[in-house]
Amino acid sequence: MPTIKAVRGTRDLLPPETALWNRVEAVARDVFRRYGFHEIRTPVLEATELFARGVGEETDIVSKEMYTWEDRARAQSEKAQSLTLRPENTAGVVRAYIEHKLGDTGQLQKLYYIGPQFRRERPQKGRYRQFFQIGAEVIGPATAGSESPLRDAEVLEMLAALLDALEIPRASAENEFRGWRLQLNSVGSSTDRPRYVAALREALGPVKDRMCPDNQRRAETNPLRVLDSKDVEDQEIIDALPKIADYLDDASKAHFAAVLDSLDACGVPYTVNPRLVRGLDYYTRTTFEFTVNLGLGTQNAMLGGGRYDGLSEMLGGPRAPGIGFAIGEDRLILTLQALEEARAAAAGEIAVTPKMDAYVAPLSVGQHAAALRLAHELRAAGLAVEVGDGSFRLKRSFEAAERVARAIVIVGEDEVAHQVATVKTFATGEQRKVGFGELAAVLGE
Ligand code: HAM
(Lines give C-alpha, C1' and ligand atoms only; values in the text may rest on other atoms or scores of the structure.)
Protein backbone atom coordinates (compact mmCIF):
# COMPACT_ATOMS: atom_id res chain seq x y z
CA MET A 1 0.00 0.00 0.00
CA PRO A 2 1.39 3.47 -0.76
CA THR A 3 1.68 5.62 2.36
CA ILE A 4 -0.12 8.93 2.76
CA LYS A 5 2.01 12.01 3.36
CA ALA A 6 1.26 15.43 4.83
CA VAL A 7 -0.08 17.79 2.16
CA ARG A 8 2.59 19.85 0.33
CA GLY A 9 3.38 23.03 2.22
CA THR A 10 2.03 21.67 5.53
CA ARG A 11 4.06 19.88 8.16
CA ASP A 12 3.84 17.94 11.39
CA LEU A 13 5.41 19.55 14.42
CA LEU A 14 6.93 16.81 16.53
CA PRO A 15 8.50 16.63 19.97
CA PRO A 16 10.97 17.85 21.12
CA GLU A 17 10.39 20.85 18.79
CA THR A 18 6.85 21.34 20.09
CA ALA A 19 8.35 22.21 23.51
CA LEU A 20 9.97 25.24 21.88
CA TRP A 21 6.64 26.26 20.31
CA ASN A 22 4.99 26.03 23.71
CA ARG A 23 7.74 28.09 25.34
CA VAL A 24 7.45 30.82 22.69
CA GLU A 25 3.67 30.92 23.13
CA ALA A 26 3.99 31.08 26.93
CA VAL A 27 6.46 33.99 26.70
CA ALA A 28 4.15 35.78 24.21
CA ARG A 29 1.08 35.28 26.44
CA ASP A 30 2.97 36.68 29.40
CA VAL A 31 4.11 39.77 27.47
CA PHE A 32 0.53 40.29 26.17
CA ARG A 33 -0.79 40.06 29.73
CA ARG A 34 1.61 42.73 30.91
CA TYR A 35 0.44 45.09 28.14
CA GLY A 36 -3.27 44.50 28.85
CA PHE A 37 -4.12 42.22 25.91
CA HIS A 38 -6.71 39.42 26.12
CA GLU A 39 -7.05 36.40 23.87
CA ILE A 40 -9.59 36.17 21.04
CA ARG A 41 -10.25 32.95 19.12
CA THR A 42 -11.99 33.38 15.80
CA PRO A 43 -12.90 30.58 13.36
CA VAL A 44 -10.43 29.28 10.79
CA LEU A 45 -13.31 29.32 8.26
CA GLU A 46 -14.71 32.66 7.18
CA ALA A 47 -16.91 33.98 4.39
CA THR A 48 -14.74 34.66 1.32
CA GLU A 49 -16.20 38.14 1.06
CA LEU A 50 -14.53 39.12 4.35
CA PHE A 51 -11.09 38.91 2.75
CA ALA A 52 -12.18 40.22 -0.65
CA ARG A 53 -13.45 43.39 1.07
CA GLY A 54 -10.97 43.58 3.96
CA VAL A 55 -7.63 42.51 2.50
CA GLY A 56 -8.47 43.62 -1.08
CA GLU A 57 -9.41 41.84 -4.33
CA GLU A 58 -6.22 42.97 -6.08
CA THR A 59 -3.77 41.73 -3.44
CA ASP A 60 -1.70 38.59 -4.09
CA ILE A 61 -3.31 36.98 -1.04
CA VAL A 62 -6.88 37.31 -2.31
CA SER A 63 -6.25 37.01 -6.06
CA LYS A 64 -3.94 33.97 -5.96
CA GLU A 65 -3.33 32.45 -2.56
CA MET A 66 -6.61 31.66 -0.81
CA TYR A 67 -8.10 28.23 -0.24
CA THR A 68 -11.64 28.98 -1.30
CA TRP A 69 -14.55 26.76 -2.22
CA GLU A 70 -18.28 26.89 -2.74
CA ASP A 71 -19.79 25.11 0.25
CA ARG A 72 -22.78 22.96 -0.66
CA ALA A 73 -26.08 23.80 0.99
CA ARG A 74 -27.05 20.95 3.37
CA ALA A 75 -30.69 21.89 3.66
CA GLN A 76 -33.21 23.78 1.57
CA SER A 77 -33.16 26.61 4.08
CA GLU A 78 -29.39 27.00 3.62
CA LYS A 79 -27.74 28.88 0.78
CA ALA A 80 -24.52 27.71 -0.85
CA GLN A 81 -21.77 30.01 0.41
CA SER A 82 -18.22 30.71 -0.68
CA LEU A 83 -15.91 29.86 2.22
CA THR A 84 -12.20 30.50 2.72
CA LEU A 85 -9.57 29.15 5.10
CA ARG A 86 -8.33 32.37 6.69
CA PRO A 87 -5.12 33.66 5.08
CA GLU A 88 -4.66 36.17 7.92
CA ASN A 89 -6.58 37.13 11.04
CA THR A 90 -6.97 40.91 11.18
CA ALA A 91 -10.10 40.86 9.01
CA GLY A 92 -11.58 38.09 11.23
CA VAL A 93 -10.85 40.01 14.44
CA VAL A 94 -12.44 43.19 13.06
CA ARG A 95 -15.45 41.13 11.87
CA ALA A 96 -15.82 39.80 15.43
CA TYR A 97 -15.41 43.34 16.84
CA ILE A 98 -18.31 44.48 14.66
CA GLU A 99 -20.46 41.37 15.14
CA HIS A 100 -20.23 41.46 18.94
CA LYS A 101 -20.51 45.26 19.12
CA LEU A 102 -17.30 45.46 21.13
CA GLY A 103 -17.17 49.17 20.25
CA ASP A 104 -20.31 49.78 22.34
CA THR A 105 -18.23 49.43 25.50
CA GLY A 106 -16.53 52.69 24.53
CA GLN A 107 -13.24 51.02 25.53
CA LEU A 108 -10.16 50.23 23.57
CA GLN A 109 -10.02 46.49 22.73
CA LYS A 110 -6.58 44.89 23.02
CA LEU A 111 -6.86 41.41 21.53
CA TYR A 112 -4.30 38.75 20.71
CA TYR A 113 -4.45 35.42 18.87
CA ILE A 114 -2.27 32.42 18.16
CA GLY A 115 -3.26 30.07 15.38
CA PRO A 116 -2.93 28.64 11.87
CA GLN A 117 -3.36 30.63 8.66
CA PHE A 118 -3.47 29.30 5.10
CA ARG A 119 -1.98 30.65 1.87
CA ARG A 120 -1.32 28.78 -1.35
CA GLU A 121 2.24 30.04 -1.78
CA ARG A 122 5.21 28.22 -3.29
CA PRO A 123 6.58 26.28 -0.30
CA GLN A 124 10.19 26.84 0.76
CA LYS A 125 12.10 27.21 4.00
CA GLY A 126 10.14 29.64 6.16
CA ARG A 127 7.17 29.64 3.77
CA TYR A 128 4.37 27.15 4.22
CA ARG A 129 0.80 26.73 3.07
CA GLN A 130 -0.34 26.22 6.65
CA PHE A 131 1.64 28.49 8.93
CA PHE A 132 1.10 29.93 12.38
CA GLN A 133 0.77 33.52 13.47
CA ILE A 134 0.99 35.14 16.88
CA GLY A 135 -0.81 38.42 16.40
CA ALA A 136 -2.39 41.28 18.30
CA GLU A 137 -4.78 44.09 17.46
CA VAL A 138 -5.67 47.33 19.28
CA ILE A 139 -9.02 48.64 18.07
CA GLY A 140 -11.77 50.88 19.35
CA PRO A 141 -13.73 54.07 18.95
CA ALA A 142 -11.59 57.15 18.26
CA THR A 143 -12.91 58.59 21.56
CA ALA A 144 -10.99 55.80 23.34
CA GLY A 145 -7.73 57.00 21.79
CA SER A 146 -7.45 54.26 19.15
CA GLU A 147 -5.99 56.71 16.63
CA SER A 148 -3.29 57.99 18.94
CA PRO A 149 0.34 57.57 17.81
CA LEU A 150 0.96 56.42 21.38
CA ARG A 151 -0.83 53.15 20.46
CA ASP A 152 1.48 52.61 17.44
CA ALA A 153 4.55 53.18 19.59
CA GLU A 154 3.23 50.96 22.39
CA VAL A 155 2.64 48.07 19.97
CA LEU A 156 6.16 48.44 18.52
CA GLU A 157 7.73 48.75 21.98
CA MET A 158 5.81 45.61 23.06
CA LEU A 159 7.25 43.72 20.07
CA ALA A 160 10.76 44.81 21.02
CA ALA A 161 10.07 43.62 24.58
CA LEU A 162 8.80 40.26 23.29
CA LEU A 163 11.87 39.71 21.10
CA ASP A 164 14.08 40.75 24.05
CA ALA A 165 12.25 38.26 26.29
CA LEU A 166 12.95 35.53 23.71
CA GLU A 167 16.61 36.64 23.70
CA ILE A 168 16.69 37.43 19.99
CA PRO A 169 19.41 40.10 19.74
CA ARG A 170 18.83 43.54 18.25
CA ALA A 171 20.86 44.28 15.13
CA SER A 172 23.74 46.56 15.98
CA ALA A 173 26.72 47.97 14.14
CA GLU A 174 28.91 45.04 15.28
CA ASN A 175 26.17 42.50 14.94
CA GLU A 176 24.51 43.73 11.80
CA PHE A 177 23.54 40.39 10.33
CA ARG A 178 22.48 38.54 13.43
CA GLY A 179 19.71 40.50 15.05
CA TRP A 180 16.28 41.91 14.33
CA ARG A 181 15.73 45.14 12.51
CA LEU A 182 12.55 47.24 12.53
CA GLN A 183 11.63 49.06 9.33
CA LEU A 184 8.69 51.39 9.24
CA ASN A 185 6.90 53.82 7.02
CA SER A 186 3.72 55.83 6.80
CA VAL A 187 1.43 55.00 3.88
CA GLY A 188 -0.79 57.98 4.68
CA SER A 189 -4.47 58.38 5.41
CA SER A 190 -7.29 57.25 3.16
CA THR A 191 -7.17 60.68 1.49
CA ASP A 192 -3.35 60.78 1.06
CA ARG A 193 -3.23 57.34 -0.51
CA PRO A 194 -5.36 57.99 -3.65
CA ARG A 195 -3.29 61.14 -4.39
CA TYR A 196 -0.10 59.12 -4.07
CA VAL A 197 -1.41 56.21 -6.13
CA ALA A 198 -2.44 58.66 -8.88
CA ALA A 199 1.09 60.13 -8.85
CA LEU A 200 2.59 56.65 -8.99
CA ARG A 201 0.40 55.69 -11.95
CA GLU A 202 1.45 58.81 -13.76
CA ALA A 203 5.15 58.19 -13.08
CA LEU A 204 4.84 54.53 -14.08
CA GLY A 205 3.04 55.32 -17.36
CA PRO A 206 6.13 56.09 -19.47
CA VAL A 207 8.47 53.53 -17.81
CA LYS A 208 6.34 50.48 -17.13
CA ASP A 209 7.03 48.86 -20.51
CA ARG A 210 10.66 48.50 -19.45
CA MET A 211 9.67 46.55 -16.32
CA CYS A 212 9.15 42.81 -15.73
CA PRO A 213 5.71 41.40 -16.68
CA ASP A 214 4.65 41.18 -12.99
CA ASN A 215 5.40 44.85 -12.42
CA GLN A 216 3.66 45.81 -15.67
CA ARG A 217 0.56 44.10 -14.37
CA ARG A 218 0.92 45.68 -10.91
CA ALA A 219 1.37 49.12 -12.46
CA GLU A 220 -2.14 48.67 -13.88
CA THR A 221 -3.95 46.90 -11.07
CA ASN A 222 -2.19 47.97 -7.86
CA PRO A 223 0.72 50.38 -8.39
CA LEU A 224 1.69 50.34 -4.69
CA ARG A 225 2.74 46.71 -5.10
CA VAL A 226 5.45 47.78 -7.55
CA LEU A 227 7.29 49.38 -4.62
CA ASP A 228 7.95 46.11 -2.82
CA SER A 229 8.98 44.24 -5.97
CA LYS A 230 12.22 42.33 -5.51
CA ASP A 231 12.98 42.26 -9.27
CA VAL A 232 16.65 43.29 -9.48
CA GLU A 233 16.48 44.82 -12.96
CA ASP A 234 13.56 47.08 -12.01
CA GLN A 235 15.15 48.58 -8.89
CA GLU A 236 16.58 51.66 -10.61
CA ILE A 237 13.17 52.62 -12.00
CA ILE A 238 11.50 51.92 -8.66
CA ASP A 239 14.01 54.05 -6.73
CA ALA A 240 13.19 57.02 -8.96
CA LEU A 241 9.40 56.79 -8.37
CA PRO A 242 7.66 59.41 -6.17
CA LYS A 243 7.91 58.82 -2.40
CA ILE A 244 4.80 58.54 -0.25
CA ALA A 245 6.38 60.87 2.35
CA ASP A 246 5.90 63.76 -0.10
CA TYR A 247 2.17 63.07 -0.32
CA LEU A 248 1.29 62.89 3.38
CA ASP A 249 -1.02 65.58 4.72
CA ASP A 250 -0.02 67.51 7.85
CA ALA A 251 -1.99 65.27 10.20
CA SER A 252 -0.36 62.08 8.83
CA LYS A 253 3.09 63.69 8.99
CA ALA A 254 2.56 64.76 12.59
CA HIS A 255 1.24 61.29 13.48
CA PHE A 256 4.29 59.57 12.03
CA ALA A 257 6.69 62.05 13.67
CA ALA A 258 5.04 61.38 17.04
CA VAL A 259 5.46 57.60 16.60
CA LEU A 260 9.16 58.04 15.82
CA ASP A 261 9.63 60.37 18.83
CA SER A 262 8.13 57.79 21.19
CA LEU A 263 10.29 55.02 19.75
CA ASP A 264 13.36 57.19 20.34
CA ALA A 265 12.21 57.84 23.90
CA CYS A 266 11.75 54.09 24.53
CA GLY A 267 15.08 53.18 22.94
CA VAL A 268 13.54 51.06 20.17
CA PRO A 269 15.87 51.17 17.14
CA TYR A 270 14.30 51.55 13.67
CA THR A 271 14.93 52.51 10.06
CA VAL A 272 12.40 54.46 8.01
CA ASN A 273 11.91 52.66 4.69
CA PRO A 274 9.88 54.83 2.29
CA ARG A 275 9.21 51.81 0.05
CA LEU A 276 7.57 49.69 2.74
CA VAL A 277 3.94 49.47 1.64
CA ARG A 278 3.01 45.89 2.63
CA GLY A 279 0.80 43.46 0.75
CA LEU A 280 -2.63 44.14 2.25
CA ASP A 281 -4.94 46.96 1.20
CA TYR A 282 -6.35 47.90 4.61
CA TYR A 283 -3.27 49.74 5.84
CA THR A 284 -3.30 53.45 6.58
CA ARG A 285 -0.52 55.55 8.14
CA THR A 286 2.03 53.47 10.10
CA THR A 287 3.19 50.21 8.50
CA PHE A 288 6.12 48.13 9.70
CA GLU A 289 8.10 44.93 9.37
CA PHE A 290 10.69 43.26 11.56
CA THR A 291 13.32 41.33 9.61
CA VAL A 292 16.03 38.94 10.78
CA ASN A 293 18.95 37.48 8.85
CA LEU A 294 19.08 34.28 10.77
CA GLY A 295 17.89 30.89 9.70
CA LEU A 296 15.32 32.28 7.26
CA GLY A 297 17.11 32.62 3.94
CA THR A 298 15.08 34.83 1.63
CA GLN A 299 11.99 34.73 3.83
CA ASN A 300 13.43 37.28 6.22
CA ALA A 301 10.22 39.07 7.26
CA MET A 302 9.57 37.68 10.70
CA LEU A 303 6.57 39.85 11.41
CA GLY A 304 4.56 42.63 9.88
CA GLY A 305 1.78 44.98 10.76
CA GLY A 306 0.36 48.44 10.71
CA ARG A 307 -2.59 50.73 11.19
CA TYR A 308 -5.98 50.10 9.53
CA ASP A 309 -8.17 53.07 10.44
CA GLY A 310 -10.79 52.37 7.78
CA LEU A 311 -11.09 48.56 7.95
CA SER A 312 -14.13 48.41 10.22
CA GLU A 313 -16.05 50.71 7.87
CA MET A 314 -14.92 48.67 4.83
CA LEU A 315 -16.58 45.70 6.55
CA GLY A 316 -19.82 47.62 7.21
CA GLY A 317 -19.02 48.43 10.84
CA PRO A 318 -18.71 51.66 12.81
CA ARG A 319 -15.64 53.86 12.61
CA ALA A 320 -13.02 51.99 14.64
CA PRO A 321 -9.37 52.83 13.99
CA GLY A 322 -6.87 50.13 14.87
CA ILE A 323 -3.31 48.92 14.71
CA GLY A 324 -1.80 45.46 15.00
CA PHE A 325 0.74 42.95 13.83
CA ALA A 326 1.26 39.26 13.16
CA ILE A 327 4.44 37.35 13.86
CA GLY A 328 5.19 34.38 11.59
CA GLU A 329 5.58 31.84 14.39
CA ASP A 330 7.27 29.29 12.10
CA ARG A 331 9.87 31.91 11.19
CA LEU A 332 10.33 32.96 14.81
CA ILE A 333 11.00 29.32 15.72
CA LEU A 334 13.51 28.91 12.85
CA THR A 335 15.32 32.00 14.11
CA LEU A 336 15.44 30.70 17.69
CA GLN A 337 16.71 27.33 16.47
CA ALA A 338 19.46 28.99 14.41
CA LEU A 339 20.47 31.10 17.43
CA GLU A 340 20.54 28.07 19.72
CA GLU A 341 22.62 26.06 17.22
CA ALA A 342 25.11 28.91 16.93
CA ARG A 343 25.28 29.28 20.73
CA ALA A 344 25.74 25.53 21.33
CA ALA A 345 28.40 25.28 18.61
CA ALA A 346 30.30 28.25 20.10
CA ALA A 347 30.15 26.63 23.55
CA GLY A 348 31.13 23.21 22.15
CA GLU A 349 27.97 21.64 23.63
CA ILE A 350 26.15 18.58 22.39
CA ALA A 351 22.37 18.71 22.49
CA VAL A 352 20.77 16.86 25.40
CA THR A 353 17.06 16.28 25.76
CA PRO A 354 15.84 17.01 29.29
CA LYS A 355 15.11 13.85 31.28
CA MET A 356 12.05 12.88 33.29
CA ASP A 357 12.30 12.71 37.09
CA ALA A 358 11.78 8.97 37.43
CA TYR A 359 11.11 5.67 35.69
CA VAL A 360 9.01 3.31 37.80
CA ALA A 361 9.94 -0.29 36.95
CA PRO A 362 7.68 -3.13 38.15
CA LEU A 363 9.74 -6.32 38.53
CA SER A 364 6.97 -8.51 37.17
CA VAL A 365 3.52 -8.23 35.65
CA GLY A 366 2.09 -8.81 39.16
CA GLN A 367 3.31 -5.34 40.20
CA HIS A 368 1.79 -3.44 37.24
CA ALA A 369 -1.12 -2.09 39.24
CA ALA A 370 1.07 -1.05 42.19
CA ALA A 371 3.59 0.61 39.83
CA LEU A 372 0.87 2.58 38.06
CA ARG A 373 -0.59 3.66 41.39
CA LEU A 374 2.81 4.80 42.65
CA ALA A 375 3.45 6.67 39.38
CA HIS A 376 0.03 8.31 39.75
CA GLU A 377 0.99 9.60 43.22
CA LEU A 378 4.36 10.91 42.04
CA ARG A 379 2.77 12.61 39.02
CA ALA A 380 0.12 14.15 41.27
CA ALA A 381 3.01 15.59 43.29
CA GLY A 382 4.21 17.31 40.10
CA LEU A 383 6.97 14.94 38.97
CA ALA A 384 7.41 13.75 35.37
CA VAL A 385 7.29 9.96 35.51
CA GLU A 386 7.41 7.07 33.03
CA VAL A 387 6.27 3.53 33.89
CA GLY A 388 8.02 0.40 32.60
CA ASP A 389 6.69 -3.05 31.87
CA GLY A 390 7.04 -5.95 34.33
CA SER A 391 7.63 -8.43 31.52
CA PHE A 392 11.06 -6.80 30.88
CA ARG A 393 14.22 -8.30 32.31
CA LEU A 394 15.85 -6.04 34.92
CA LYS A 395 18.75 -5.14 32.61
CA ARG A 396 16.35 -3.95 29.92
CA SER A 397 14.42 -1.89 32.50
CA PHE A 398 17.65 -0.17 33.58
CA GLU A 399 18.58 0.60 29.98
CA ALA A 400 15.11 1.95 29.18
CA ALA A 401 15.11 4.00 32.40
CA GLU A 402 18.53 5.56 31.82
CA ARG A 403 17.51 6.75 28.36
CA VAL A 404 14.53 8.76 29.58
CA ALA A 405 14.85 9.47 33.33
CA ARG A 406 17.23 10.68 36.02
CA ALA A 407 16.35 7.80 38.38
CA ILE A 408 14.82 4.33 38.40
CA VAL A 409 12.31 3.25 41.06
CA ILE A 410 12.14 -0.54 41.37
CA VAL A 411 8.85 -2.01 42.52
CA GLY A 412 9.00 -5.77 43.29
CA GLU A 413 6.83 -8.00 45.46
CA ASP A 414 8.86 -7.15 48.59
CA GLU A 415 8.78 -3.44 47.88
CA VAL A 416 4.99 -3.50 47.57
CA ALA A 417 4.63 -5.55 50.76
CA HIS A 418 6.80 -3.11 52.77
CA GLN A 419 5.83 0.08 50.85
CA VAL A 420 9.52 0.80 50.31
CA ALA A 421 11.03 1.20 46.82
CA THR A 422 14.60 0.72 45.65
CA VAL A 423 15.81 3.92 43.97
CA LYS A 424 18.91 4.35 41.83
CA THR A 425 20.04 7.83 40.74
CA PHE A 426 21.94 7.51 37.45
CA ALA A 427 24.14 10.62 37.74
CA THR A 428 25.74 9.47 41.04
CA GLY A 429 25.18 5.71 40.79
CA GLU A 430 23.79 5.84 44.34
CA GLN A 431 21.20 3.17 45.23
CA ARG A 432 18.96 3.30 48.30
CA LYS A 433 15.64 2.24 49.84
CA VAL A 434 13.00 4.95 50.13
CA GLY A 435 9.55 4.66 51.73
CA PHE A 436 6.71 5.23 49.22
CA GLY A 437 5.62 8.26 51.30
CA GLU A 438 9.00 10.01 50.96
CA LEU A 439 9.58 9.15 47.29
CA ALA A 440 8.17 12.35 45.81
CA ALA A 441 10.39 14.51 48.02
CA VAL A 442 13.51 12.42 47.36
CA LEU A 443 13.00 12.27 43.58
CA GLY A 444 12.16 15.97 43.37
CA GLU A 445 15.48 17.00 44.99
P1 HAM B 1 1.54 39.51 6.72
O2 HAM B 1 2.73 40.36 6.49
O3 HAM B 1 0.81 39.03 5.54
O4 HAM B 1 0.57 40.35 7.65
O5 HAM B 1 1.96 38.27 7.59
C6 HAM B 1 2.63 38.46 8.83
C7 HAM B 1 3.76 37.47 8.97
O8 HAM B 1 3.28 36.14 8.79
C9 HAM B 1 4.87 37.60 7.96
O10 HAM B 1 5.80 38.59 8.33
C11 HAM B 1 5.49 36.22 8.00
O12 HAM B 1 6.41 36.12 9.08
C13 HAM B 1 4.31 35.32 8.29
N14 HAM B 1 3.89 34.64 7.06
C15 HAM B 1 3.15 35.12 6.05
N16 HAM B 1 2.98 34.19 5.08
C17 HAM B 1 3.65 33.09 5.50
C18 HAM B 1 3.87 31.77 4.95
N19 HAM B 1 3.32 31.40 3.79
N20 HAM B 1 4.63 30.90 5.67
C21 HAM B 1 5.17 31.26 6.85
N22 HAM B 1 4.98 32.46 7.41
C23 HAM B 1 4.23 33.37 6.75
C24 HAM B 1 -0.62 39.89 8.12
O25 HAM B 1 -0.99 38.75 8.07
C26 HAM B 1 -1.43 40.97 8.85
N27 HAM B 1 -2.72 40.36 9.28
C28 HAM B 1 -0.66 41.50 10.03
C29 HAM B 1 -1.40 42.56 10.77
C30 HAM B 1 -2.07 42.41 11.92
N31 HAM B 1 -1.55 43.81 10.37
C32 HAM B 1 -2.30 44.46 11.26
N33 HAM B 1 -2.63 43.59 12.21
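User: How far is an oxygen atom of the ligand from a polar backbone atom of M302?
Analyst: This is a predicted model: local features need pLDDT of at least 70, side-chain atom pairs count only at pLDDT 80 or more, and totals for chains, interfaces and linings use all residues. Residues are numbered from 1 along each chain as its sequence is written, and side-chain values use heavy atoms, leaving out hydrogens and water. A polar contact is a pair of N or O atoms within 3.5 Å; within protein, one must be able to donate a hydrogen and the other to accept it, and residues adjacent in sequence count only if both atoms are side-chain atoms. For M302 the distance to the ligand oxygen is 3.0 Å.

User: Which distances separate ligand atoms from the side chains of Q133 and E88?
Analyst: Start with Q133: an N or O atom of its side chain is 3.1 Å from a ligand oxygen. For E88 the ligand partner is a nitrogen atom, and the distance is 2.6 Å.

User: How much of the ligand's accessible area does the protein cover?
Analyst: Accessible areas come from the Shrake-Rupley method with a 1.4 Å probe; for residues, only the protein chains shown count as cover. On its own, the ligand has 660 Å². The covered share is 96%.

User: Which element gives the most residues to the shell around the ligand?
Analyst: Helices (H or I, at least four residues) and strands (E, at least two) are DSSP runs numbered from the N terminus. Strand 6 (130–139), strand 10 (301–307) and strand 11 (322–328) are the elements that each give two or more residues. With 6 residues, the top contributor is strand 10.

User: How many residues surround the ligand?
Analyst: A residue is near a molecule if one of its heavy atoms lies within 4 Å of it. The closest are E88, E121, Y128, E137 and Y283. The full count is 26.

User: Is E121 buried or exposed?
Analyst: Buried means under 20% relative accessible area, exposed over 50%, and partly exposed in between, with a 1.4 Å probe and protein chains only. E121 sits in the loop between strand 5 and strand 6. Its relative accessibility is 18%, so E121 counts as buried.

User: Which residues does E121 touch, beyond those up to four places away in sequence?
Analyst: Contact means heavy atoms within 4.5 Å. By that test, E121 touches E65, R127 and R129.

User: Where does K101 lie?
Analyst: Most residues other than glycine have a negative phi. K101 has a positive phi, near 50°. K101 is exposed, with a relative accessible area of 53%. Its place is the loop between helix 4 (90–99) and strand 5 (109–118).

User: Is R285 buried or exposed?
Analyst: R285 is not a glycine, yet its phi is positive, about 50°. It belongs to strand 9 (residues 284–292). With 12% relative accessibility, R285 is buried.

User: What is omega for the peptide bond that joins P15 and P16?
Analyst: Most peptide bonds are trans. P16 stands in the segment before helix 1 (17–34). Its bond with P15 is cis, and omega is about 5°.

User: What share of the chain's residues is buried?
Analyst: The chain has 16 helices and 16 strands. Its C-alpha atoms fill a box of roughly 90 × 65 × 55 Å along the principal axes. Of the 445 residues, the buried share is 48%.
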